[in-house]
Structures are given as C-alpha cells and as structure tokens.
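Here's a quick walk through a protein model, written for someone who'd rather be at the bench. Have a look at the sequence and the structure first.

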Amino acid sequence: MVKADHMAWRAVVGLFVLTGLILEVKASIHEYKNGRFSSQGNSFFFYGGSEGLYATANNTGTNSTVKSFIKFESISFKRTKESASRHEEMEHNTGLIEAIVFEIKDRDKIGGSTSVSSTALCCTHDLAEADGCKQGQIIIHHSGDQDWPKRVQIFFQGNNDVTRMTPEIIPITKTGMYNLYFMFCDPQLKGTLINGETIWKSPMGYLPGRMGPFLKFYGFMSLAYLMLGLVWFFQYVRFWKDILQLQNCITIVIALGMCEMAMLYFEYSNFNATGHRPVDITIWAVTFGAVKKTVSRLLLLVVSMGYGVVRPTLGGLTSKVILLGATYFFASEALELVENVGNVNDLSGKARLFLVLPVAFLDSFFILWIFTSLSKTLEKLQVRRSFAKLELYRKFTNSLALAVVLSVAWIGFELYFQASDPFSERWQNAWIITAFWTLLAFVLLCVICVLWTPSHNATRYAYTEESGEDFDEDEAIALTSGSVKSTLDVAGKVDRKERMPVNSDVFSLGVDLEEDKRE
C-alpha cells in the first residue's frame, strides 16, 4: 500500500514538472506580469521557468563574481483585499510563499512522505508528526546534497496586501536542468498575483542551455553558406554566357540561405548578450527561414518536373505550383511566429497541433508530387534516349531518395528521443534534433549545385525547341499507354497528331500538350 502511494506521489510530481515544461518561457530573463497561481494537490503553484544551466569549475564567491546563477529581481506578490483583511496590522508572517528551485533529477525530493502513505506537496498536521516537516510549508526531502533543492521564503506582514521579495542570487554549482516554482499552502492566499522577473545565466551568456549550441551551429552554417555562395558565384561569373534559368533559381536559394543563417546567428548573439529576444529581429529571422524553406521545396519540385532542362515552362502547372508555395509559406510562417515570437504560455497542445499538421501535410504533398514528377521525367527521358540528361536525373533521384530515407529514420529517432526523455534530462543533446534538418537541407542544396554547376557543358542539359516538341508528344503517349515504348513502335501504331493526351496524375496536377504550348 505504501509502495503504491509512493508511486502515485511520484506520478503527481512528474505531472507537476511536465506542466512546467509545456508552459516553458523561452527566454533567460523570465518576466511575470500578474501571474496567477494554479492548484496542485493541497498546494498552489506558479511556474517560474525551466532551463538547462552550465556551471563553471569554481562557481563560488561573491554575487558579483558568480558566472552561473538564478537571480530574483523585483519580485512582488499581491494578495486579495479579503485575504489581507483577515489579519491585524501588527501581526507578523501572515502569509507564506516559497520559491522552490531544484534540478530535474531531484524532482522526487519534492512532496510525499517517507513513513506514511501520502501524495501531498504541503506538510499537514499528520505529516508533521510523522516526518518532522513544518506544517504549512512545502515538503522537501534533503538526502545527499543538503543544499538542494533550494527554498526561499517570502512572508506577508500584518494586513498588507503586497509583499516584495528581497533580491537574491542562487549560484549554480552543478550543470543540470533547473526548475523554479513559486508555491504556497495557505488556501486563504488563493487569488494571489506575482509580478517581477528572474534572470537565468550560464557562464557563456544568457542563452538557455538547450539553445546555447545553436549559436556556434548557426555561425558554422553561416560560413558554410558563405563558402558555397562564393564558389557558386565564381562559377556563375566565369560562365555567365551559358547560365540556365534553373541556375538563377539556385542562386536565389543560396542567397536566401545565407541571409537566414546570418539573421539567426545575429538573433542568438543578441539573445545571449542581453537575455531578451527583440520581436523585430525574431520576425525577420523567422520570415527569411519561411521564405527559404518555401523556395527550396519549389526548387526541388520544378527540377523534378524538368523545368529548364526538358521543358521551357511549367505550362498549366505554374498557377498550381505558385498556389502550393504560397500556402506552404503562410502555414510555415504562422507556425514559426507562434513558436518563436508568440507567448508560449498561452499556446495549448491542441493549438500547436492545429499549426503543425498543415505544415506536415504540405511537406508530405511536396514529397509525393516530387517523386511522381521524377518518375515521369525519367520515363520520358528514357523513351527519348537522352542519356546525358537521364544520367543527371538518376543521380538527382538517388540523392533525393537517400534524403527521404534519412528523414524517415530521423523522425523515428526524434520520436524515440522525445518519448524516452519526458523531463528533458538529455537537454544538452536536444539541439541535434533541429540541427539535423538544417544540415540536411544544406547538403541537398550542395548536391543540386554540383549537378547543375555552371560550366561550358551546362547548355547540353538545357531545353531546346526541337527536343521540347518531341518530349511533349512522348509525354502524351506515355500518359495513355502506361508503359515505356520506343518512338518508332508508337509511331507505327497511331498517328500522334490525332492522339489526345489523358491526365493520369493522381493529384490532378498533370498538364497536357496544349497547356505547354499556351505558356
């Protein structure tokens, strides 16, 4: 019975911590404006923040020399007039609020009882007699390290409805994921509001531990895009007379990638130095990212369709491609703005799901359409015996297929990582999940740059009017026959001028010969 209750108590504390992780404030200066306390068991709590903090080898000394800390600054509490009126002016300690700071692995030290069956977070009369805790305070079990978890007590005096917390600094002497909760046990304090801020700082700066590695990563990626841009620009200028339209599109994607990485690096550098994320900088960084993601996906799609290589335009597909791109941009921009600029505290799980699902669906649609187009393009190139272009597209298809396999495998690993680490105890490695997708996009862009690099021979992959007409005729026949046939066999069976192309695209996004000619 005691064991069952002990497990129930651990479940309560786990749920308590998970609630905080879901409501995480993504900033190293956590601001509280009229924050309200929520009930949990026989206690009331307000989530103050959760961050991974690094500690230096020697993090002791005066407050001015401590490099890693949590600092309480300008914290005030305001209780209701009704609660304050219950006390006399000369009374002392008429209401207790506690600030509890603990490392995530010490979560089992908060609440519960070691001798009787209890899942309470606050010490009651019975628990005080059994365990020796102080009635009306949060239960903390000190074992091993007697200094942790940390408890800071703030009292109301007399019938005052406002009390202010004395500024205090808690040095971080051990690297870990730390949580802060403001809690009280007295039901008469229900309705109390909190205002002020806490400052969380690691030796490297104000960036939260999970975001810290991104500063170096985005700096590295900025240099990588710069090097790619310089090599591409050199080739572009060198063979400017032989530039294809598709190569102009690749140039735009490289430029957008450079701007995105530079903006992200600047944003994280500013965040690390000041502890704040200015809205205007974040919006610019997010917008560049959304534009780059959209243009990158459109580039993969039009390359798969053979744009600039086997057809001069997209024909009747142009409007559909633009519509898909615009839809993806707005969906991606909305998701990124809410996650990086919006108030995370006000975002429920259903709201997140509502924003993530459209982006995931559109990504899946892109992949399906890309491989459908690639399949048709390869089939038609084989019919026309365009071996140079066929070899080029086979290499592109293999690279893209490998990227999709890696993506599926990484999604599986990400799901396992999240499921096996509900309390973010492996926070030091969490940045790798996001970094992989940025790195994969860069590698794919490099592959496209290698395959379509500007050169004297680039024109052999370009669309020509003569080959384009043959291509369109073959496309019409391939769509109706459903199998690969040689040009001579087809010509012997049916008059091409009398054949009408049939749209067999499962997405109803195919284009017939007349649409190509209208463009």
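What follows covers the overall make-up, then the cysteines, the salt bridges and a surface patch.

**The big picture**

Keep in mind that this is a predicted model. The protein has 519 residues, and 47% of them count as buried. Its secondary structure adds up to 13 helices and 10 strands. If you take the contacts with a separation of 6 or more, 79% of them are between residues 24 or more positions apart. As for the outside, the accessible surface is about 25,900 Å², and carbon and sulfur atoms make up 59% of that.

**The cysteines**

How many disulfides does the structure hold? There's 1, and it joins Cys122 to Cys185 with an S to S distance of 2.0 Å. The two ends come from distant parts of the chain, 63 residues apart. Cys122 sits in the loop between strand E5 (95–103) and helix H3 (125–131), while Cys185 is in the loop between strand E9 (176–184) and strand E10 (193–201). The link is left-handed, at -90 degrees about the S-S bond. Is Cys122 buried or exposed? Cys122 is buried, and Cys185 is buried too.

Now for two other cysteines. Why is there no bond between Cys446 and Cys449? The closest cysteine sulfur to that of Cys446 is the one in Cys449, but at 6.2 Å it's too far for a bond. Cys446 counts as partly exposed, with 23% relative accessibility. Cys259 is also partly exposed, and its relative accessible area is 34%.

**The salt bridges**

Side chains of opposite charge can pair when their charged atoms come close. In this structure there are 8 salt bridges, and the table lists some of them.

| Acidic residue | Basic residue | Closest N to O distance |
|---|---|---|
| Glu73 | Lys71 | 3.1 Å |
| Asp161 | Lys81 | 2.9 Å |
| Glu336 | Lys293 | 3.3 Å |

Start with Lys71 and Glu73, whose side chains meet in a salt bridge. Lys71 is partly exposed at 25% relative accessible area, and Glu73 is partly exposed at 25% as well.

Next up is the salt bridge of Asp161 with Lys81. Asp161 lies in the loop between strand E6 (150–156) and strand E7 (162–164), and Lys81 lies in helix H2 (residues 81–84), so this pair ties together parts that are 80 residues apart in sequence. Which of the two partners is buried? Asp161 counts as buried, at 15% relative accessibility, whereas Lys81 counts as exposed, at 61%.

Then there's the salt bridge that Glu336 forms with Lys293. This one runs from helix to helix: Glu336 is in helix H7 (residues 318–340) and Lys293 in helix H6 (residues 279–305), so the pair ties together parts that are 43 residues apart in sequence. Glu336 is buried, with a relative accessible area of 19%, and the cut-off for buried is under 20%. Lys293 is partly exposed, at 28%.

**A nonpolar patch**

Which residues form a nonpolar patch on the surface? They're Leu223, Leu226, Met227 and Leu230, and together they have about 400 Å² of accessible area. One of them, Leu223, lies in helix H4 (residues 212–238). Leu223 is exposed, with a relative accessible area of 54%.

Terms used
Residues are numbered from 1 along each chain as its sequence is written. This is a predicted model: local features need pLDDT of at least 70, side-chain atom pairs count only at pLDDT 80 or more; totals for chains, interfaces and linings use all residues. Side-chain values use heavy atoms; hydrogens and water are left out. Helices (H or I, at least four residues) and strands (E, at least two) are DSSP runs, numbered from the N terminus. Buried means under 20% relative accessible area, exposed over 50%, partly exposed in between (1.4 Å probe, protein chains only). Contact means heavy atoms within 4.5 Å. Accessible areas come from the Shrake-Rupley method with a 1.4 Å probe; for residues, only the protein chains shown count as cover. Patches are made of residues with over 30% relative accessible area and no salt bridge: like charges are joined within 9 Å, nonpolar side chains (Val, Leu, Ile, Met, Phe, Trp, Tyr) within 5 Å. A salt bridge is a side-chain nitrogen of Lys or Arg within 4 Å of a carboxyl oxygen of Asp or Glu. A disulfide is a pair of cysteine sulfur atoms within 2.5 Å.
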